Amino acid sequence: GQAGVLRVASELMLRGFPVLFPAVDEGVDLFVEGGTRIQVKTTKMVLSGGKSSFRLTPGYRMTRDGKVYLSARNFSEYCDFVVLFNVKLDKFWIVPAGLLDGFKACSAGASGRSAKLGPDQVDAIRVARDLGYSWQHIADEYGVSAGLIRQIVKSPFYGKLSSRTRRSVGEEIDKHESDWSLIGSHAKLVSEEARNTISVEVCHS
């Protein structure tokens, strides 16, 4: 939400980055002066083992004809970084946008220390819910949150990606915890490219 965007903006400004807010939200929440584009994703969810869970794309939207399931986004098409922020843990992950292309959700923190739900477990969770077990009962059985159980049961897309793919991406995300220098390096590169472009245009005018 907007509170997360403002929190990330504060962190950037404390580090000396001039921050700009777009007038219209078309997938970019913040600009760092020079043109670096940032999308912010905020969560309060903490899973067992201290892992943060983030929803990157709404699972569906309602229309007159019922639910329309939404496809995963390619973040790299409209932003340079996705900053993941967990309110409860007060932790940030500064993730290159391309790393999250094609994902509807991701996790960060505590890589490899929490339970992994494979395809067989996902199927068993759905069966348990069909049999009438409560969200919390199933969550306790698998050592995860009731919110994750709801996501598994309600989303037909959950589990389509291999656990190895999700795990490898999670490990890459963890490498970028509080790595604000990535934004600084990118902003510097964008500014240099802009100056070179202006120089070329002046020479040809």
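Among contacts in the protein between residues at least 6 apart in sequence, 63% join residues at least 24 apart. This value, like those that follow, comes from a predicted model. The secondary structure consists of six helices and nine strands. Of the 205 residues in the protein, 37% are buried. The protein exposes about 11600 Å², and carbon and sulfur atoms supply 52% of that area.

The account may begin with helix H1, which spans residues 2-14 and contains Glu11. Glu11 has a relative accessible area of 11%. Residues under 20% count as buried, and Glu11 is therefore buried. The side chain of Glu11 is joined to that of Arg7 by a polar contact of 2.4 Å. When residues up to four places away in sequence are not counted, Glu11 touches Phe92 and Trp180. Phe92 falls within strand S8 (91-96), while Trp180 is a partner of Glu11 from elsewhere in the chain.

A second glutamate, Glu33, is placed in the loop that runs between strand S2 (30-32) and strand S3 (36-43). Glu33 and Ala187 are separated by 154 residues in sequence, yet their C-alpha atoms are 7.4 Å apart in space. Ala187 belongs to helix H6 (181-204). With neighbours within four places in sequence left aside, Glu33 is in contact with Pro18 and Ser191. Ser191 is likewise a residue of helix H6 (181-204).

The packing of the helices can be followed through helix H4. Helix H3 (residues 135-142) packs with helix H4 (residues 146-154) at an angle of about 105°, and their axes are 8 Å apart. Angles of 65 to 115 degrees count as roughly perpendicular, and H3 and H4 are therefore described in that way. On the H3 side, the contact is made by Trp135, Gln136, Ile138 and Ala139; on the H4 side, it is made by Ala146, Ile149, Arg150, Val153 and Lys154. By class, the residues of this contact are six nonpolar, one polar and two charged.

Helix H4 also meets helix H2 (residues 119-130): the two axes come within 9 Å and cross at roughly 95°. H2 and H4 are therefore roughly perpendicular to each other as well. Helix H2 contributes Val122, Ile125, Arg126 and Arg129 to the contact, and helix H4 contributes Ile149, Ile152 and Val153. The contact of H2 with H4 has five nonpolar residues, no polar residues and two charged residues. Ile149 and Val153 of H4 take part in the contact with H3 and also in the contact with H2.

Two loop residues deserve attention for their backbone angles. Most residues other than glycine have a negative phi. Asp90, however, has a phi near 55°, a positive value. Asp90 lies in the loop between strand S7 (81-86) and strand S8 (91-96). The relative accessible area of Asp90 is 42%. This value lies between the limits of 20% for buried and 50% for exposed, so Asp90 is partly exposed.

The other residue is Ser178, whose phi is also positive and near 55°. Ser178 is found in the loop between helix H5 (163-174) and helix H6 (181-204). With a relative accessible area of 42%, Ser178 is partly exposed.

Methods
Residues numbered from 1 in each chain as written. Predicted model: local features only at pLDDT ≥ 70, side-chain atom pairs only at ≥ 80, totals over all residues. Heavy atoms only, no water. Helix = DSSP H or I, 4+ residues; strand = E, 2+ residues; numbered from the N terminus. Contact = heavy atoms within 4.5 Å. Axes fitted to C-alpha atoms, helices over the stretch in contact; angles between N-to-C directions. Parallel < 35°, antiparallel > 145°, perpendicular 65-115°, else oblique. Nonpolar A, V, L, I, M, F, W, Y, C, P; charged D, E, K, R; others polar. Buried < 20%, exposed > 50% of the residue type's maximum accessible area, 1.4 Å probe, protein only. Polar contact = N/O pair within 3.5 Å; in protein donor to acceptor, adjacent residues only side chain to side chain. Areas by Shrake-Rupley, 256 points an atom, 1.4 Å probe, with all protein chains shown as cover.
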